[in-house]
Amino acid sequence: MSTVESEPYKPSLHFIQSIIEEDLRTGKNEKRIHTRFPPEPNGYLHIGHAKSICLNFGLAIQYNGMCNLRFDDTNPVKEDVEYVDSIREDVHWLGFDWEGREYYASDYFEQLYVFAVDIIKQGKAYVCDLSAEQVSSDRGTPTRPGNPSPYRNRSIEENLDLFMRMRNGEFAEGSRVLRAKIDMDSPNMHMRDPIMYRILFAHHHRTGDKWCIYPTYDYAHGQSDFIEGITHSICTLEFEVHRPLYDWFLDQIVEPNFYRPRQIEFARLNLSYTVMSKRKLLELVKNNYVSGWDDPRLPTICGLRRRGYTAESIRYFADKIGVAKRDNTIDVALLEHSIREDLNKRALRRIAVLNPVKLIIDNYPENKIEMLEAVNNPEDPSAGTRQLPFSREIFIERDDFMEDPSAKFFRLSPGNEVRLKYAYIIRCEKVIKDPVTGAILEIRCTYDPETRSGLPNSNRKVKGTIHWLSASHARLAEIRLFDRLFNVEDPDSGEGANDYKTHLNPDSLQIIKGFVEDTFKGAKALDKFQFERLGYFCIDYDSSDKQLVFNRTIALKDSWAKIEKKQ
RNA sequence: UGUCCGAUGGUGUAACUGGCAACACGUCUGACUCUGGAUCAGAAGACUCUAGGUUCGAGCCCUAGUCGGACAACCA
């Protein structure tokens with residue numbers, strides 16, 4: 001008998017959780033955990049941001065901490081309230097609550113200014129009159145040291161005076177900047193006297209025209225974290241080289257051994273077959289290659305939402321992809337699996353016949369209509385049932401019929417029997433074809449009245465089941481199928497707007513006429529449906545017109561469907 | 001000829017203090033017929049970047065390489 005105690009189960013943690021647990025163990029920051037999600041309001045959020053949102057808010061929830069929503073609005077020329085509103089909405093929709101802690105870097109402009117004055121007084125910042133080009137060329141290159149600015153050794157008094165006058169608007173835009181005095185020979189480019197403030201006579205979406213000097217990201221971010229009491233400042237890998245600067249600015253205003261936020265970097269999300277950069281997304285929207293930020297082909301949160309993705313599925317996805325420091329490209333198949341996983345349990349099923357062929361049941365009474373009971377969700381009995389009209393003439397899917405069936409084909413073929421879902425077993429008696437083209441015009445069948453679903457003798461075994469729609473009840477609709485936005489291996493292979501255009505596969509938009517069960521009239525926006533046989537769809541009434549948008553994520557892994565009402 | 005970071009099946013992520021490389025997606029096969037792109041069952045797929053070293057034992061530690069990424073906006 002073993003005397004070894006069974007070890008407690010220890011789930012594997014990603015590296016940020018390990019850091020947090022270590023901090024908790026050592027009692028750092030009085031064991032507080034405080035994160036923040038800090039988007040710049042210069043675009044709409046996409047699935048990559050969702051990873052960061054789930055990480056930051058998720059960590060706060062897991063470790064009983066807090067997570068702030070902070071808008072990093074230090075560059076007024078790129079930012080807009082439209083983006084603020086959309087970001088707020090998307091974070092909320094994803095299911096996270098910042099509990100009123102909605103902050104703006106611009107709220108700290110006065111405090112940031114005071115900090116800057118203090119740094120000047122320490123002799124560690126100076127006003128530089130060089131042009132942007134001159135500053136840039138004097139900075140050197142990664143392999144060549146920089147050149148000190150001739151203004152580097154201005155007196156503290158002169159710097160104080162000049163900085164105040166910068167704020168007062170006495171100097172032209174671009175004429176002067178405030179620079180940190182660090183090390184022009186540093187191998188880290190970001191330490192070569194980085195810019196702290198620039199003059200910008202731009203209207204800010206929150207502070208209006210109050211300021212004409214604006215802090216840069218590097219200066220504002222760490223200080224904002226400090227002001228908010230952030231303990232773990234999580235950002236993406238490209239800021240790794242900024243970390244020494246992040247710490248340097250903090251060193252200037254925080255006592256040694258006092259609380260200070262810690263920057264931790266993780267790898268941003270890349271998704272196969274799509275574009276994620278804000279710049280490129282903006283280009284697609286601005287040039288009208290897509291219908292807007294919420295175009296269902298875009299990987300934006302609102303695009304995914306309109307396409308039918310649920311918040312749950314995106315959170316599940318974020319959980320599945322993990323967090324690490326190596327560059328990655330996640331297969332969209334995992335995203336698609338996530339929505340399938342979720343919708344599979346919850347989506348209501350509906351029938352659509354996308355490629356219809358008429359089928360007539362010869363021995364079924366001409367004017368008879370039967371209402372049959374159809375299950376709304378086979379995985380969830382509480383979803384209930386609905387009534388489905390059945391009649392002599394129906395549509396079935398063209399693919400569900402084969403004149404010369406292969407050995408593996410179990411659906412309808414001449415002389416064979418098949419079950420009409422929720423209805424009867426039918427037998428194909430005859431195929432009527434166009435004498436010229438040979439195309440199948442209609443299929444003639446007979447039915448077995450004993451076999452209606454639910455009847456005592458209905459359980460006769462047949463090899464296949466197909467879906468159908470009563471021809472006189474079905475509504476004609478146009479269905480547009482979209483492929484993935486960029487169905488190419490490397491969306492970065494070309495640059496410029498024209499490349500986007502060519503990457504938009506011309507075959508990606510295909511219009512199919514189909515018939516849809518006439519039950520959508522009562523459907524509310526964003527109700528989720530699964531179509532019988534085809535898989536899952538989501539419906540969402542497009543606000544701009546009377547369109548129904550069907551998500552075909554599950555039905556066709558890489559397609560969307562759009563069904564327009566034909567009035 | 002700079003600094004920093006990274007490297008584990010096709011993809012992504014694990015592997016507690018050095019102890020049988022695991023999980024998920026994807027792929028393939030089979031079963032199942034009131035649809036089945038669902039579900040169930042199974043399979044294939046990894047010299048853990050390379051070379052050396054330490055050790056009874058290395059994905060993990062040490063040394064030297066290789067490859068990939070980031071950094072030279074008054075963007076974030």
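This note goes through the confidence, cores, cavities, pocket and backbone of a predicted model.

1. On confidence, the predictor assigns the complex an ipTM of 0.96 and a pTM of 0.89, while chain A has a mean pLDDT of 85, with 82% of its residues at 70 or more. Two stretches call for care: over residues 521–526 the pLDDT stays under 50, and the model has 11 contacts for them beyond four places in sequence; over residues 551–567 the pLDDT is likewise below 50, although this stretch has 86 contacts in the model beyond near neighbours in sequence. Where pLDDT is low, the predicted coordinates should not be read in detail.

2. The largest nonpolar core comprises 36 residues, and those with the most contacts inside it are Phe 163, Leu 178, Met 196, Tyr 197 and Tyr 219. At least two residues of this core come from each of helix H4 (109–121), strand S4 (125–128), helix H6 (156–167), strand S5 (177–180), strand S6 (195–199), strand S7 (213–215), helix H7 (217–228) and helix H8 (243–253). H4 supplies the largest share, eight residues. In soluble globular proteins, nonpolar side chains tend to be buried together.

3. Which residues does Phe 163 touch, not counting those up to four places away in sequence? The partners are Tyr 113, Ala 116, Val 117, Ile 120, Val 127, Leu 178, Tyr 197 and Ile 213. Leu 178 and Tyr 197 are, like Phe 163, among the residues with the most contacts inside the largest core. A second, separate core has 34 residues, including Leu 69, Val 91, Leu 94 and Ile 321.

4. Helix H8 deserves a paragraph of its own. Its buried residues are Leu 245, Tyr 246, Trp 248, Phe 249, Leu 250, Gln 252 and Ile 253, and what covers them includes H4, S5, S6 and H7 together with strand S8 (232–236) and strand S9 (262–266).

5. A search of the whole structure for cavities of 30 Å³ or more returns two, and the second largest holds about 40 Å³ of space. Its lining consists of Tyr 217, Asp 218, His 242, Leu 245, Tyr 246 and Gln 263, with H7 and H8 as the elements that give two or more residues to it. By character, the lining of this second largest cavity divides into three nonpolar residues, two polar and one charged. Leu 245 and Tyr 246, which appear in this lining, also belong to the buried residues of H8.

6. The largest pocket has a volume of about 1400 Å³. Of the 45 residues that line the largest pocket, His 49, Glu 238, Phe 239, Arg 268 and Lys 278 lie nearest its centre. Two or more lining residues are given by each of S1, helix H2 (47–62), H7, S8 and helix H9 (278–286), and H9 gives the most, with five residues. The lining of the largest pocket divides into 16 nonpolar, 15 polar and 14 charged residues.

7. Finally, the loop between helix H1 (15–26) and strand S1 (34–37) contains Glu 30, and Lys 31 lies in this loop between H1 and S1 as well. Neither is a glycine, yet Glu 30 has a positive phi of about 50° and Lys 31 a positive phi of about 60°. Are these side chains buried or exposed? Glu 30 counts as exposed because its relative accessibility is 66%, and Lys 31 counts as exposed because its relative accessibility is 52%, the cut-off for exposed being over 50%.

Key:
Residues are numbered from 1 along each chain as its sequence is written. Chains are lettered from A and ligands numbered from 1 in the order in which they are written. This is a predicted model: local features need pLDDT of at least 70, side-chain atom pairs count only at pLDDT 80 or more; totals for chains, interfaces and linings use all residues. Side-chain values use heavy atoms; hydrogens and water are left out. A nonpolar core is a set of buried Ala, Val, Leu, Ile, Met, Phe, Trp, Tyr and Cys residues joined through side-chain atoms within 4.5 Å. Buried means under 20% relative accessible area, exposed over 50%, partly exposed in between (1.4 Å probe, protein chains only). Helices (H or I, at least four residues) and strands (E, at least two) are DSSP runs, numbered from the N terminus. Contact means heavy atoms within 4.5 Å. On a 1 Å grid over the protein atoms alone, a cavity is a set of points where a 1.4 Å probe fits but cannot get out, and a pocket is an open set with protein on both sides within 12 Å along at least five of seven lines; lining residues have an atom within 4 Å of a point. Grid points are joined across faces, edges and corners, and a volume is the space filled by probe spheres set on the points. Ala, Val, Leu, Ile, Met, Phe, Trp, Tyr, Cys and Pro count as nonpolar, Asp, Glu, Lys and Arg as charged, and the others, Gly among them, as polar. pLDDT is the predictor's confidence in each residue, from 0 to 100.
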